[in-house]
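Biologist: I'm new to reading protein structures, so could we go through this one together? Please show me the sequence and the model first.

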Amino acid sequence: MTLDIKVPSIGVEGAMEVIEICISVGEDVEQDDSIVVLESDKTTVEVPCPEAGRIKSIGVKVGDKVLEGASILMLEPLNTNLDKKKKNEPESIIAESEIKKSVSPSTKSSIEKALKEVQIPDLGGSEQVEVIEISVSENQEVSEDDTLIVLESDKTTMEIPSPYSGLLTSLKVKLGDKVSAGDAVATILSSKKIEPTANDEVVSVQEGLIKEVSVSQTEQTTSQSMEQKQSSVSLSINVHAGPAVRKLARELGADLSKVAAKGPKGRILKEDLNDYIKQQVTLAQGGGESRHASDALPIVNLPDFSVFGDVERVSMDKVQRLTATNMQTSWLTVPHVTQFDEADITEMEAFRKKQKKAADSKDIKLTPMAFLLKACGYALNQLPQFNVSIDMQAGQLFQKKYIHIGIAVDTPNGLVVPVIRDVNTKNLWELAEECQTLAARARDRKLLPSDMQGGCFTISSLGGLGGTAFTPIVNTPEVAILGVSKAQYKPVYEVETNGFIPKLMLPLSLSYDHRAVNGADAARFTSLLSDLLGDLKGLLL
């Protein structure tokens, strides 16, 4: 029997171009081997073979435009036995294929409907996000909304829940893998969709197969681990790349063994090769912006601390590493200047406390941060030179027409900066509610990457902790950041009364990029903030 393999549903509207054919007529392929690579305006997709077989004919060629459902090739399934499959497939995949072969046609139909593939949902625009935790194992019963895996991007951690209840028959990812939206996570034998008449038979077949393969599970895991080590040693010799990539590499004289593969199953994509070529050109030209800021720093040779006492080496987590790298880059590349000032918030605090009953009725905590956001939104609108990003290579400024402000949140897992959008269009209650929501999500590690993108300006408040002033580091590519310390009562002289009266003074520390902002503008900015925070009528209007 010959199977007609067609373009599956890949979530892309319109035709996609065939940019690579990974197989040839007469070639034997395994299940999930890539057969063609398709490309749209915004993405590249590898189409896997749905099952093992021999290629009888290929119905497309490079450059063809294909739609969902279009025929790709004709496949003659191979009559391989279970032992042959064990060489190349995980035990869970064997279990799935044997389930389908070991039941009657009517039961098989119901099981195929019950086998559900779990895919990575939309990650807010992030791609190649690292798998840092796997919360389940194969042949485990899972319930709907149980956490399957945990992903970590630049600034946040995301849990991927199961959309189904049932038996997890296979895991498609491992620790350290990089995944994007649409990538397969696992296959679940859903207990909700199985017909009652077929359910008992399905479960019994599944349990029988699990018993058969569970004995060799440890050996299989050990074997896979050894294979991974061996493959890493021979990576420079045997690279995983398609014909089109190899041809391009030959034309450019590039050594594919030195190219970092980011495609599925360690496959080198055209993008990987292009990135490698760009890096080599940059190095040949003497560096440039792509070089890491830390490359210019001398290496600090640390002493052997253990001679002084007990020590423990603890690896920095991803958030800590990225925060340290970004802060170092900003400090080395931005000429920082800090402008200090104070704001009289006596009237503001009195007003805020009077709103406690109204805030409680709305289930909102009205903090000083809402007032700071309102004032900074107004100031950015009045002084747009603070709402830019600078491109030194092109000698240009990006003047932003929107006002999105980040708020630095201290969490047990490190510093994160969620962004509140369109601050200048929102009232105090809206800003307070959004602050409260984003801060809670930050502490629970549930921020999406999109929650931390698009900032124009940042506020870092240490008012709840103490201090009189500090010099915050500009969060590039922004050009300014406001630091807020703990408010204190101070005697302030008033001309009208010819005497000193106690005032609640809030310390302000404005760090800015001196390439984009001059000192006079910084003084105007802090003075305007001080006036706005000291006069609620001006702020609210």
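**Strands, helices and confidence**

Biologist: Which residue in S15 stands opposite Glu130?

Modeller: Helices (H or I, at least four residues) and strands (E, at least two) are DSSP runs, numbered from the N terminus. Two strands count as paired if DSSP finds at least two bridges between them. Strand S10 (residues 129-134) and S15 pair in the antiparallel sense over 2 bridges. In that pair, the residue opposite Glu130 is Lys178.

Biologist: What is the mean pLDDT of the protein chain?

Modeller: This is a predicted model, in which local features need pLDDT of at least 70 and side-chain atom pairs count only at pLDDT 80 or more, while totals for chains, interfaces and linings use all residues. Residues are numbered from 1 along each chain as its sequence is written, and side-chain values use heavy atoms, with hydrogens and water left out. pLDDT is the predictor's confidence in each residue, from 0 to 100. In the protein chain, 78% of residues reach 70 or more, and the mean is 80.

Biologist: How many contacts beyond four places in sequence does the model have for residues 80-113?

Modeller: A contact means heavy atoms within 4.5 Å. pLDDT stays under 50 over residues 287-291, where the model has 5 contacts beyond four places in sequence. It also stays under 50 over residues 80-113, and there the number of such contacts is 51.

Biologist: Which strands stand at the edges of the open sheet S13-S12-S10-S15?

Modeller: Strands of a sheet pair through backbone hydrogen bonds, either parallel or antiparallel. In this open sheet of 4 strands, the pairing is antiparallel. Two of the strands have a single partner strand each, so one side of each lacks a neighbour in the sheet: they are S13 (157-161) and S15 (178-179).

Biologist: Why is strand S2 largely enclosed, and which residue in S4 stands opposite its Glu20?

Modeller: Buried means under 20% relative accessible area, exposed over 50%, and partly exposed in between (1.4 Å probe, protein chains only). Of the 6 residues of S2 (residues 16-21), 5 are buried, so the rest of the structure largely encloses this strand. S2 joins antiparallel strand S7 (residues 65-66) through 2 bridges, and pairs with S4 (residues 34-39) in the antiparallel sense over 4 bridges. Opposite Glu20 in S4 is Val37.

Biologist: What is the relative accessibility of Glu349?

Modeller: Glu349 lies in helix H9 (residues 346-354). Leaving out residues up to four places away in sequence, Glu349 touches Pro368 and Leu504. Glu349 counts as buried because its relative accessibility is 11%.
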